[in-house]
Amino acid sequence: MFCPECGSTDKKMIGNICIDCFLNDFQMIEIPENIEVTICKHCNSKLEEGKWSESNLPEDEIVYRALERNIKINPKVENEIIDLEIEQIKGSTYTCTVNVIGEVYDSEIEETHDVNVKINRTSCPTCSKIQSGYYESVIQFRADKREIHQEEYKKADEIVEKTLNNQYKKDKLAYCPQIAKLKEGRDYYIGSLKSGRKVANALKEKFGGIIKESPRLISEDKSTGKGLYRIWISVRIPEFEVGDFIKYQDKILQIEDIGKNRVIGRDIETNKRHTIPWKDTEDLDVIRKSKDIEKTEVISKTPNTIQILDPTDYSVVDLELKEDSNINIGDSVDIIKINDYYYLLN
Ligand SMILES: [Zn+2]
Ligand SMILES: [Zn+2]
């Protein structure tokens, strides 16, 4: 066959020209000379086709993937090996080469393309929100009928921080842009409602108490009528603390444990334990705090009673002994005075 381009007659023909003339004009791959990639300068998320997606990739890996994505291989190419190389970085522009070795009609050929990948750095919508101090929920940490102690504040701060750290992998808005320290408690501002609820539950798990949510309308989209709500989550921890004395169904209980679903108290007369679900704790009255417990010494003993000195007026007081008690003369015992009557504690 005769090639009309080079005049040769002894070469393999591709269509109506010879293989050499065909390969002269053949390109194995197509790739644009300039590629732009938009990433978030704060979290490295990547903008692709109008959508932001998380990519915890280092920047050079983002460049390589941008190159790969933009390569179009001609279907006539076989056994191709593509080599990507970053040659130079100038500012935010990566100068790269794309080298291809492949086979076309059984001839091995090689070609090289120079490509510039420009990285545009901006803020993704999530990071923009964080930058502006955006928040969806406010946790109001309060105690019922008492002040919150410093140790409780310290513990609460720790719980908030720990919960948000755990949440951050799943929720970029798991952050606390502001803590308001008020006389009556603390307000924790939380980026997302989802993480706000997690924090509230973690606080309840530690301190017990009651959670209530109240949404407030912040603004309204005039065109759709849809409201933007911010949720206030009140976490009200109980007035009573471990060691305090409460009145429950005509019994006096000393609180032994406070959990997320219930409170456990021990009857100071019968020694019996009672489990009280949180929903029944709202009207519980604290009758004595643990700091009201007094210490005194046993001065004499009969089989069923001991005698102690009243710590206030030093008069002798008889107390009934519980069956399994092994209290002896000279022992120091804990007592609590309730309604002018002393109870012996274990
Ligand atoms: Zn030819
Ligand atoms: Zn971001």
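Let us begin with a sheet of five strands, which is open and runs in the order β19-β18-β17-β16-β20. The pairing throughout this sheet is antiparallel. At its edges stand β19, covering 273-277, and β20, covering 285-288, and each of these pairs on one side only. On average, neighbouring strands here are turned by 45 degrees against each other, direction ignored. I should say at once that we are looking at a predicted model.

As a general reminder, the strands of a sheet pair through backbone hydrogen bonds, and the pairing may be parallel or antiparallel.

Allow me to go through part of this sheet pair by pair. Strand β16, residues 245-248, and strand β17, residues 251-258, are joined by four bridges in the antiparallel sense. Within that pairing, K247 has I252 of β17 as its bridge partner. The two strands form a hairpin with two residues between them. One residue of the turn, Q249, has a positive phi of about 50 degrees.

D250 is found in the loop between β16 and β17 as well. Its phi is also positive, near 65 degrees, in a residue other than glycine. Is D250 buried or exposed? D250 is exposed, because it has 5 other C-beta atoms within 10 Å, and a residue counts as exposed at 12 or fewer.

We move on to β17 and β18, which run antiparallel and are joined by five bridges. They too form a hairpin, here with three residues between the strands. Q254 finds its bridge partner in β18, namely R266. The next pairing takes us to the edge: strand β18, residues 262-267, is joined to β19 by five bridges, again running antiparallel. R266 appears here a second time, standing opposite R273 in β19. One can therefore follow a path across three strands on the display, from Q254 to R266 and from R266 to R273.

Let me now step back to the whole chain. The protein chain has five helices and 25 strands. It is divided into four parts: domain 1 at 13-120, domain 2 at 133-234, domain 3 at 238-291 and domain 4 at 293-346. How far apart are the C-alpha centres of domain 1 and domain 4? They lie 88 Å apart.

The overall dimensions may be set beside that value. Along its principal axes, the C-alpha trace spans about 130 × 55 × 35 Å. The radius of gyration of the protein chain is 38 Å, whereas a compact globule of 346 residues would have one near 20 Å. Buried residues make up 21% of the 346 residues. As for contacts between residues at least 6 apart in sequence, 54% of them join residues at least 24 apart.

Where, then, do nonpolar residues gather? The largest nonpolar core has 19 residues, and those touching the most other members are I139, F141, Y188, V199, A200, L203 and V235. Two or more residues come from each of β11 (137-143), α4 (150-167), β13 (185-190), α5 (193-207) and β15 (227-237). Which element gives the largest share of this core? It is α5, with five residues. A200 offers a useful view of the packing: leaving aside residues up to four places away in sequence, A200 touches I139, I211, I233 and V235. There is also a second, separate core, made of twelve residues, including I31, I39, V63 and V117.

One loop beside these elements deserves a word. K145 lies in the loop between β11 and α4. Although K145 is not a glycine, it has a positive phi of about 55 degrees. K145 is classed as exposed because 10 other C-beta atoms lie within 10 Å.

I shall finish with E294, which lies in strand β21, residues 294-301. Why does E294 count as partly exposed? The reason is its 15 C-beta neighbours inside 10 Å; a residue would be buried at 20 or more and exposed at 12 or fewer. Not counting residues up to four places away in sequence, E294 touches P311 and I335. I335 is 41 residues from E294 along the chain, while their C-alpha atoms are separated by 5.3 Å.

Methods: Residues numbered from 1 in each chain as written. Chains lettered and ligands numbered in written order. Predicted model: local features only at pLDDT ≥ 70, side-chain atom pairs only at ≥ 80, totals over all residues. Domains from an automatic or database assignment. Pairing = 2+ DSSP bridges. Axes fitted to C-alpha atoms, helices over the stretch in contact; angles between N-to-C directions. Core = buried A, V, L, I, M, F, W, Y, C linked by C-beta atoms within 7 Å. Contact = placed C-beta atoms within 7 Å. Rg over C-alpha atoms; globule rule 2.2 N^0.38 Å.
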